[in-house]
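Could you walk me through this fold, helix by helix, in plain language? I'd like to know what packs against what and which residues stand out.

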Amino acid sequence: MGVGFTQESTSVPAAATAVPERVVLAARPQAALRLYAVPPAGAGPDCYLRWVPLLPPWIELCSVALPGRGTRAGEPSLTDPAYLSARLAAVLDDWTDPRPFAVFGHSAGALLAYEATRHLRRTHGRPPALLAVSSLSAPHIDAYTADLPPRLTAGLAGLRELVGPIPEQLLADARLMAAACTPLLADLLLLLHYRHHPEPPLPVPLALYGGEHDPVTGLRQLQAWNDLVTTPASAQLFPGGHSYLHKATKELVGHLTDVLGTVINRPVATP
């Protein structure tokens, strides 16, 4: 099946347009599990297209399209983490699809994945089979308000720590730079708006991922996620910085596939 994606409407009324939309990156209706990959700060669903050929047929890869990004660039971005995570929860727990699902979030996407999972518990929704978080400090240690402002005031140097190398053609065009930076800044604002409210640890399996040389999220900040679940996990680090997943795609997807096979009791053959 060729790589491509389709957007599906959610159970949210059509009049409420400021909501995430499900994006099926490669339809596999016979797959045993849906994996939702929540995009990182400033990015859209297409950042996960490279995952499709690396995943086995029993996993259907989905993502979410958020206002202000990609095909929805003309819409205002959402910066309220409580509102956005609640609407994301409605996408994840699809009452028309009885298959189990898992959720992976990178950078700001990790916070949305976590808060959507907490919202599902509060509203008695289905929990994910796995919560996988990547390249983000645990939300209860107040790292966002301490770490993000210095990078926002550091100009291009701070921006490169968050997103990696910036193409010269982008730097040379103010309009393109503004279009690329606006959703990124919106997601950083979302992190700065966030305030953690303690709840009992989540009884959901956890997977932790990060870059070995991430200047934004260190190993200690990553391992602190274990405070928020009932079953701790060891952090898996890959070569690279905050955006390691672009270079270590095959290794990350392979490890995630193995973990998913374990949590749903399925024999695994890593692609």
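Here's a tour that starts with the whole chain, moves through a few helices and ends with some single residues.

First, some ground rules: this is a predicted model, where local features need pLDDT of at least 70, side-chain atom pairs count only at pLDDT 80 or more, and totals for chains, interfaces and linings use all residues. Residues are numbered from 1 along each chain as its sequence is written, and side-chain values use heavy atoms, with hydrogens and water left out.

Let's start with the overall layout. The protein chain has 8 helices and 8 strands; these are DSSP runs numbered from the N terminus, with helices being H or I of at least four residues and strands being E of at least two. The chain has 271 residues, and 51% of them count as buried. Here buried is under 20% relative accessible area, exposed is over 50%, and partly exposed is in between, using a 1.4 Å probe and protein chains only. As for contacts (heavy atoms within 4.5 Å), take those between residues at least 6 apart in sequence: 76% of them join residues at least 24 apart.

Now find helix α1, residues 81-92. With 12 residues at 1.5 Å each, α1 should span 16 Å, and its end C-alpha atoms are indeed 16 Å apart. The expected span is 1.5 Å times one less than the number of residues. Look at the N-terminal end and you'll see D80 acting as a cap, with a side-chain oxygen 3.0 Å from the backbone nitrogen of A82. The buried residues of α1 are P81, L84, S85, A86, L88, A89, V91 and L92. A90 sits in this helix too, but A90 is partly exposed, at a relative accessible area of 25%. Its C-alpha atom is 9.1 Å from that of P20, although A90 and P20 are 70 residues apart along the chain.

What does α1 pack against? One partner is helix α2, residues 108-122, at an angle of about 70° and with the two axes 8 Å apart. The axes are lines fitted to C-alpha atoms, for helices over the stretch in contact, and the angles run from 0 to 180 degrees between N-to-C directions. α1 and α2 are therefore roughly perpendicular to each other, a label for angles of 65 to 115 degrees; under 35 would be roughly parallel, over 145 roughly antiparallel, and the rest oblique. On the α1 side, P81, L84, S85, A86, L88, A89 and L92 take part, and they meet L112, A113, E115, A116, H119 and L120 of α2. The residues of this contact split into 10 nonpolar, 2 polar and 1 charged. In that count, Ala, Val, Leu, Ile, Met, Phe, Trp, Tyr, Cys and Pro are nonpolar, Asp, Glu, Lys and Arg are charged, and the others, Gly among them, are polar.

Staying with α2, its 15 residues should span 21 Å, and the end C-alpha atoms are 22 Å apart, which agrees. This helix is mostly covered, with 12 of its 15 residues buried. Among them are Y114, E115 and R118.

The backbone on either side of α2 is worth a look. Most residues other than glycine have a negative phi. S107, in the loop between β5 (101-106) and α2, has a positive phi of about 60°. S107 is also buried, at 8% relative accessible area. Just after α2, H124 takes a positive phi of about 60°. D142 has a positive phi of about 60° as well, but D142 counts as exposed at 54%.

Next comes α8, residues 249-263. Its 15 residues should span 21 Å, and the end C-alpha atoms are 21 Å apart. Its buried residues include L252, V253, L256 and L260, and what covers the buried residues includes β3, β4, β5, β6, β7 and β8. K250 of this helix counts as exposed, at 56%. K250 and L54 are 196 residues apart in sequence, yet 6.8 Å apart in space, C-alpha to C-alpha.

Finally, look at D187 in helix α6 (residues 174-193). Is D187 buried or exposed? D187 is buried, with a relative accessible area of 3%. Leaving aside neighbours within four places in sequence, D187 is in contact with P40, A41, G42, R69 and A108.

Terms used:
A polar contact is a pair of N or O atoms within 3.5 Å; within protein, one must be able to donate a hydrogen and the other to accept it, and residues adjacent in sequence count only if both atoms are side-chain atoms.
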